[in-house]
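Reader: Before I set anything up from this model, I would like to go through its features one at a time. Could you take my questions in turn and show the reasoning behind each answer?

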Amino acid sequence: MLLQVGGMRSALGLLAVRRACCLSRSNHTSPRTLEYKPIKKVMVANRGEIAIRVFRACTELGIRTVAVYSEQDTGQMHRQKADEAYLIGKGLPPVAAYLDIPDIIKVAKENDVDAIHPGYGFLSERSDFAQACADAGVRFIGPSPEVVRKMGDKVEARAIAIRAGKLDTLFFSFLPGFSNTYGFPIIFKAAYGGGGRGMRVVKEYEELEENYQRAYSEALAAFGNGALFVEKFVERPRHIEVQILGDKYGNIIHLYERDCSIQRRHQKVVEMAPAVQLDPHLRDRLTADSVNLARQVGYENAGTVEFLVDKHGRHYFIEVNSRLQVEHTITESVLHVIKGYELPHFASAFQGAVISPHYDSLLVKVIASGNDLPAAAAKMNRALAEFRVRGVKTNIPFLQNVLSNDQFLYGTVDTQFIDENQELFNLKPVQNRAQKLLHYLGHVMVNGPTTPIPVKAKPSSIDPVIPPIPLGEPPVGFREVLLREGPEGFAKAVRAHKGLLLMDTTFRDAHQSLLATRVRTHDLKQVAPFVAHNFSNLFSVENWGGATFDVAMRFLCECPWKRLQELRALLPNVPFQMLLRGANAVGYTNYPDNAVFKFCEVAKENGMDIFRVFDSLNYLPNLMLGMEAAGAAGGVVEASISYTGDVSDPMRQKYSLDYYLKLADELVRAGTHILNVKDMAGLLKPESSRMLIGALRDRFPDMPIHVHTHDTAGAGVAAMLACAEAGADIVDVAVDSMAGMTSQPSMGAIVACTKGTKFNTGISLENVYDYSEYWEVARGLYAPFDCTATMKSGNADVYENEIPGGQYTNLHFQAHSMGLGHKFKEVKKSYTEANKLLGDLIKVTPSSKIVGDLAQFMVQNSLTRAEVEERADELSFPLSVVEFLQGHIGIPHGGFPEPFRSKVLKNMPRVEGRPGASLPSMDFQALEKQLRETHGDDITPEDVMSAAMYPKVFQEFKEFTHQFGPVDCLNTRLFLDGPKIAEEFEVELERGKTLHIKALALGDLNKAGQREVFFELNGALRSVLVKDTVAMKEMHFHPKALKDVRGQVGAPMPGKVVEVKVKQGQTVEKGQPLCVLSAMKMETVVNSPLSGTVVKIYVNADSSLEGDDLILEITE
């Protein structure tokens, strides 16, 4: 079996299956007197694989070799494999250089070349080249000029075939009226070349002119002669070719047939020998006719006689290839099999080779054999799986599909096989993970981090040490109660528990508050088993939802669902808790109700247990929807009261104790399993804690109460202890090194303060110390995001401005990044004023962002509260503020502020009632279909939900991973900062698959604005080309077509523009030809993807394009 692996930019490569066959020799004519002249130096007037093969054969025979090359081929292997190499066709286009007969002859004569081998393609079937060699006294390794002329001229070859006797030929003609006489379909063919070039099928009269032009242009470019002939097109034939050899003594032999019926665009994709299920009598006729034809013209050298066999078993002569063929190696391999030689690989590709768009993109040919076709195919499949070709797309996935097709393996195929089996094009994506990761690392080394960095700080060079983890399964935890008794039984067990239960926020809210939500799954996974073994009596671990969902995709380039799945496997015994934004799920906007329900269902299936449901305005309709969705999914519903104000201050009555109790009544009545007080700004003081929690405990003696706070003012530990004394069952903490300031109170402090009391947590302080030590070092990896870079302490002014913990950190970063660090006090004061302008809101995502946006707007425009109120009807407010006033996130307690709202909105529409209630249901099947069309069939239900929540973020995440691979496998320092030169490290792709990588060097900037970055991967040299984004800003490049913009038409492959068929302003129909590209000596018509008007054209004739370069824009 022979395989040619090539780049996808050309026609698909060649695969052929070979079994051993016998050699037959015809009766030879009487020998002629021949002059013997030894050949000492051979030139190959060709390039690539065929040139290398000839050089190797000559070297074995002790013959010196000469290569010729075009200006575009200076780096190609064939010129390095010859003893001498000379430039030809200087200043000519790439193909024309190899067609420059005078220059080739000149080089041959100047360098004492005895013989020229033409290879295949280019000049191999040009009689004028063979004659030029003879005239120059240089031997042409091939048939005589006269035979080349006769056989190279397809029309004359037909006449000779007829004279040879008993050879049927298809009707052929140059006459314009041919189609009128014989009807359609017809086929144009190049009269002086093959290989599928200059060949077009015409099925109806309207296609005639366009296909003629394409065939003529293609033949002219490929063979230097655009002459065509036309013949009747035989539908569904088998394509059989017979290999012949002739010597100068008149001996003609055949080496039996090859079946090349599997074709695409008239180029051979698969060849098999002997032909499967070929009638023996037909085989005898084919081989006999081939020998007779060769004898008729006195054929010398290697050649191929080609036939079509129709469904009735009749065979028709079509042409003679009077040269070596690409697939000639198959015949060589048959002889090698017979003689017992090892089957070779033939390759012209090498690491760093440039696959030019100007020539055939053949990379390598591999031969396999077996006792039958399935056995040979199995060997080839194994060989294909072992290939590692990086930097270019190849046809390997397609060939693997062919090899696995039952019709190919066990049936008879014809030339329509590929067209009728479109499933062959359902290509399994190649993972190529290692090369993609090298590309990412190189990108970071050249351009810096891919995620925005708030401050100029480097990740720590010290990796955290994972605390010792005992062998065996972790101890039983509260999750077993939940799995055994369900949400209701779980809630009862929590309420009946003696002592204070803790929820650890280290895996989510703590790093959201301190490290801008940037902690990666990699570092969470490292310590998760330690938590499972040593903190099994935690109420839960908060590790998902809220901002972590979109940040995972947007900034960390990892899948949030994968995080949940992997942590669930590592931490099986402790319940997981997530933050659900009521009707907003994990987004910042309204979703159809069924989207919220489906999200909770998928989250529960992936290991989520407890859903903390809140609404940023405590708007009951939004809260109820989230509770229903979590409950319907089978999760524990923990309804939240978002806390603001101060219930212990009689002067602050908007959010009074009575308000919170009435809200709690509604939540308990709605069926919550656990009641949560969500103090997102850390406003609970010990006294207010006792008042609120005490009142709730009195009102709901059997309801578990869970309290969440932040430690911004520094009173978090005292407040949580007061809550415990007042009857709270659970409080939120973070491990010590991730606690304090805008994060949660210290776990160690709570554990120590309750030790020996009725609130004893049952957690070992020693374990807390080890846990904290891990995070203290791990936190150093996130130095560019650490709030301590700009904020050195908490601040009790939070009791006045009421800024939530996570937002406090973000505002601090933003102020410093905008050069307003010295005005942060002013920002906080404006936040207070903005809150009053909006009516004193509950402030938690997204309402907190609305207040923050208005505050920054006021600071940037130097506006006071009074000025904003006065000029509300003329100011251009942030969109979030306008949408809030329209009612897009619900109705705030006490209603909207008037007349401020009316002045801002004027006549703008308003949303009445629950915002999401009027949204149509989301069609998940249609969304999944769309995602599969865009990203392939590996789309999961989790992917569908990610796209439903964040369509644009998910699209960008998939594009990133397609380009850079699974970057979540990298450790955090590598992810953020890349490796240092000479640094060695390991990357575990999956269990049992580890990459050993060493960063070697960073290259200089090239003309394309790229730098080559060198690595050693598993002991082998690898390099990647990385665009230098800074340098490219100063360089001009052709714009790329954006895939998500329908009217932007991009180049389907690299190549040159032959013709632009439309003009700016022209109206075009869908499917109408727009331009013609030439690549790999094949021409491709680019058709319009839609009907519309051509707005702008970015190319002209002779423009050289790369893949996806923008050709033109169309508006509908």
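Reader: Let me begin at the end of a helix: which residue follows α26, and what is its phi?

Author: In this predicted model, helix α26 covers residues 716–726. The residue that follows α26 is Gly-727, and its phi is positive, near 120°.

Reader: How many of the eleven residues of α26 are buried, and which are they?

Author: Helix α26 is mostly covered. Its buried residues are Gly-716, Val-717, Ala-719, Met-720, Ala-722, Cys-723, Ala-724 and Ala-726. The number of buried residues, out of eleven, is therefore eight, where buried means under 20% relative accessible area.

Reader: Against which elements do the buried residues of α26 pack?

Author: The partners include two helices, α25 (686–699) and α27 (747–754). The buried residues of α26 also pack against two strands, so that the elements asked for are α25, α27, β26 (705–708) and β27 (730–733).

Reader: How confident is the predictor over the chain, and which stretches have a pLDDT below 50?

Author: The chain averages a pLDDT of 87, and 92% of the residues score at least 70. Residues 171–175 have a pLDDT below 50, although this stretch has 17 contacts in the model beyond near neighbours in sequence. Where pLDDT is low, the predicted coordinates should not be read in detail. The other stretch below 50, with eleven contacts beyond near neighbours in sequence, is residues 338–344.

Reader: Where does UniProt place the modified residue N6-carboxylysine, and is that residue buried or exposed?

Author: The unreviewed UniProt entry places this feature at Lys-678, a residue found in strand β25 (residues 674–678). Because its relative accessible area is 4%, and buried means under 20%, Lys-678 is buried.

Reader: Which residues does Lys-678 touch, leaving out those up to four places away in sequence?

Author: Among the residues that Lys-678 touches are Ser-640, Ile-641, Ser-642 and Tyr-643. The list is completed by Leu-579, Phe-614, His-708 and Val-844.

Reader: Which residues does the annotation "domain: Pyruvate carboxyltransferase" cover, and how far apart are the end C-alpha atoms of that span?

Author: According to the unreviewed UniProt entry, this domain covers residues 500–769. The span is 43% helix and 14% strand, and its end C-alpha atoms lie apart by 19 Å.

Reader: What is the strand order of the open sheet of four strands, and which are its edge strands?

Author: The sheet has the order β28-β29-β30-β31, with antiparallel pairing. Strands of a sheet pair through backbone hydrogen bonds, either parallel or antiparallel. An edge strand pairs on one side only, and the strands that do so here are β28 (984–990) and β31 (1020–1027).

Reader: How many bridges join β30 and β31, and what is the bridge partner of Val-1013?

Author: Strand β30 (residues 1010–1017) pairs with β31 in the antiparallel sense, over eight bridges. In β31, the bridge partner of Val-1013 is Val-1024.

Reader: Which helix packs on the sheet, and what angle does its direction make with that of β31?

Author: The helix touches β28, β29 (993–1005), β30 and β31. This helix is α16 (residues 433–447), and the angle between its direction and that of β31 is about 55°.

Reader: Why are Asp-658 and Lys-662 separated by about one helical turn, and what is the N to O distance in their salt bridge?

Author: Both residues lie in helix α24 (residues 657–669), and because they are four residues apart, they are separated by about one helical turn. An α-helix has 3.6 residues a turn, so residues three or four places apart point the same way. Asp-658 is partly exposed at 41% relative accessibility, while Lys-662 is exposed at 51%. The N to O distance in their salt bridge is 3.2 Å.

Reader: Is Asp-310, which forms a salt bridge with Arg-314, buried or exposed?

Author: The closest N and O atoms of this pair are 3.0 Å apart. Arg-314 is partly exposed, with a relative accessible area of 44%. For Asp-310 the relative accessible area is 11%, so this residue is buried.

Reader: How many salt bridges does the structure hold, and which residues are linked in a network of them?

Author: The structure holds 63 salt bridges. The residues linked in a network are Glu-241, Arg-258, Lys-268, Glu-271 and Glu-306.

Methods. Residues are numbered from 1 along each chain as its sequence is written. This is a predicted model: local features need pLDDT of at least 70, side-chain atom pairs count only at pLDDT 80 or more; totals for chains, interfaces and linings use all residues. Side-chain values use heavy atoms; hydrogens and water are left out. Two strands pair if DSSP finds at least two bridges between them. Contact means heavy atoms within 4.5 Å. Axes are lines fitted to C-alpha atoms, for helices over the stretch in contact, and angles run from 0 to 180 degrees between N-to-C directions. UniProt positions are given in the numbering used here, feature names are shortened, and annotations may be inferred rather than shown by experiment. pLDDT is the predictor's confidence in each residue, from 0 to 100. A salt bridge is a side-chain nitrogen of Lys or Arg within 4 Å of a carboxyl oxygen of Asp or Glu. Buried means under 20% relative accessible area, exposed over 50%, partly exposed in between (1.4 Å probe, protein chains only).
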